[in-house]
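Let us take a walk through this protein together. Please keep the sequence and the 3D view at hand as you read.

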Amino acid sequence: MSVPNAALQRLRLRTELRKARTGAQLTQRQVAARMEWSPSKLIRIEAGEVGISVNDLRPLLDAYGIRDRRKIDELLDLARGSRRMPYSEYRDLYGKEFLEFLALESSASVIRHYGALVMPGPLQTEEYARAIMTAYNKSISEERLERGVEVRLARQELLTSGGRELFYILDESVVRRHVGGRGVMRAQLERLAELAAKPGVNIQILPFSIGAHAGIQGPFSLFEFEADEMPDSLHLENPRGDSYTTNAADETGRYLERFWELEDLAVKDDIGTLLRALAERVEDGRDDLENLLRGAPVDAVAQE
């Protein structure tokens, strides 16, 4: 089995361990007692919050009755490769749900994201990231702000590492809201136009004029993986900052259909020209996307 990185290896290992425990008809409490662990240790391992050492894994597999040498070696290799999760040094900054989201994002070969209110993290300029994080928490310390910006910038490796397909649908409010002021927003829109020209990066805008649509319920992300044994995953957010991640096929399938519906409604042709025209209009107050979409051709508007 070939699993490409630490995040996927830990996700795969935790799935295998849960399957082995339930196959042995053991509860978490029974296993913890047999291993002389606290129940929380096993719970955190199965949740993927922490890794497991090879020395701990060997007796655990024995407790589950796994004797096949090839299977044991496979799981031991997963344990060795999954010890350092991406962004684990930011555990004091983010909760486990967001860290799991970052692990999925960094591991996926296909990412589909619908953004309802703010620019997705990997697309943000440094100035936009600072402005939005300060808006979220006006009392944020300079140290936490700097480390949060570090994470935003590190996530941009998705855009340059190649081998991925990235699809971003942005509600019109995302490109119209002047986060950080007109100067910051102009730079952000210009950056977005540059990214739209990159191979594998697909940016679309959902205009206000389409009215109500299913995406109004909130932003979501879908992840697909090269490893066949890794199921597709869905990550949901809500305005309170809570998040929810699942790989249940019925839910991921439903949201994939929703994403395709939004794609059918979104503006996608010549998006770079449209974004550059909007960027030019931001600073002088002429940034009316509705007129750009409904009025003169984009090329003509951009030359005004």
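What follows goes from the overall picture to two helices, and then to the spaces in the protein.

A word on confidence to begin with: this is a predicted model. Its mean pLDDT is 86, and 89% of the residues reach 70 or more. The stretch to treat with care is residues 298-304, where pLDDT stays under 50. For that stretch the model has 12 contacts beyond four places in sequence.

Now for the overall build. The protein holds 14 helices and six strands. Of its 304 residues, 49% count as buried. Among contacts with a separation of 6 or more, 70% are made by residues 24 or more positions apart.

With that in mind, please turn to helix H2, which spans residues 28-35. Which of its residues are buried? They are Val31, Ala32 and Met35. These three cover an arc of only 100 degrees around the axis, and therefore sit on the same side of H2. The general rule behind such patterns is that an α-helix has 3.6 residues a turn, so residues three or four places apart point the same way. On the face of H2 turned away from the buried side you will find the exposed residues Arg29, Ala33 and Arg34. And what do the buried residues of H2 pack against? Their partners are helix H1 (6-23), helix H3 (39-46) and helix H4 (54-63). After H2 comes glutamate 36, whose phi is positive, near 60 degrees.

H3, one of those partners of H2, can be read in a similar manner. Its buried residues include Leu42, Ile45 and Glu46. The arc they cover is only 95 degrees around the axis, which means that they lie on the same side of H3. The buried residues of H3 pack against H1 and H2. H3 is followed by glycine 48, and here too phi is positive, near 80 degrees.

Next, let us look for empty space. Rolling a probe the size of a water molecule over the atoms shows where such space is left. How many cavities of 30 Å³ or more does the structure hold? There is one, and the largest cavity has about 40 Å³ of space. Its lining is made of Arg10, Leu13, Arg14, Leu17, Ile45, Val50, Gly51 and Ile52. H1 gives the largest share of this lining, with four residues. By class, the lining divides into five nonpolar, one polar and two charged residues. You have already met Ile45 as a buried residue of H3, and here Ile45 also lines the largest cavity.

Our last stop is the second largest pocket, with about 650 Å³ of space. It is lined by 33 residues, of which Arg14, Ala47, Gly48, Lys96 and Glu100 are the closest to its centre. Two of these names may ring a bell: Arg14 also lines the largest cavity, and glycine 48 is the residue with positive phi that follows H3. H1, helix H6 (96-107) and strand S6 (243-246) each supply at least two residues of the pocket lining. Which element gives the largest share of that lining? That is H6, with six residues. Sorted by class, the lining of this pocket has 13 nonpolar, 10 polar and 10 charged residues.

Definitions and conventions. Residues are numbered from 1 along each chain as its sequence is written. This is a predicted model: local features need pLDDT of at least 70, side-chain atom pairs count only at pLDDT 80 or more; totals for chains, interfaces and linings use all residues. Side-chain values use heavy atoms; hydrogens and water are left out. pLDDT is the predictor's confidence in each residue, from 0 to 100. Contact means heavy atoms within 4.5 Å. Buried means under 20% relative accessible area, exposed over 50%, partly exposed in between (1.4 Å probe, protein chains only). The arc is that of the directions from the helix axis to the C-beta atoms. On a 1 Å grid over the protein atoms alone, a cavity is a set of points where a 1.4 Å probe fits but cannot get out, and a pocket is an open set with protein on both sides within 12 Å along at least five of seven lines; lining residues have an atom within 4 Å of a point. Grid points are joined across faces, edges and corners, and a volume is the space filled by probe spheres set on the points. Ala, Val, Leu, Ile, Met, Phe, Trp, Tyr, Cys and Pro count as nonpolar, Asp, Glu, Lys and Arg as charged, and the others, Gly among them, as polar.
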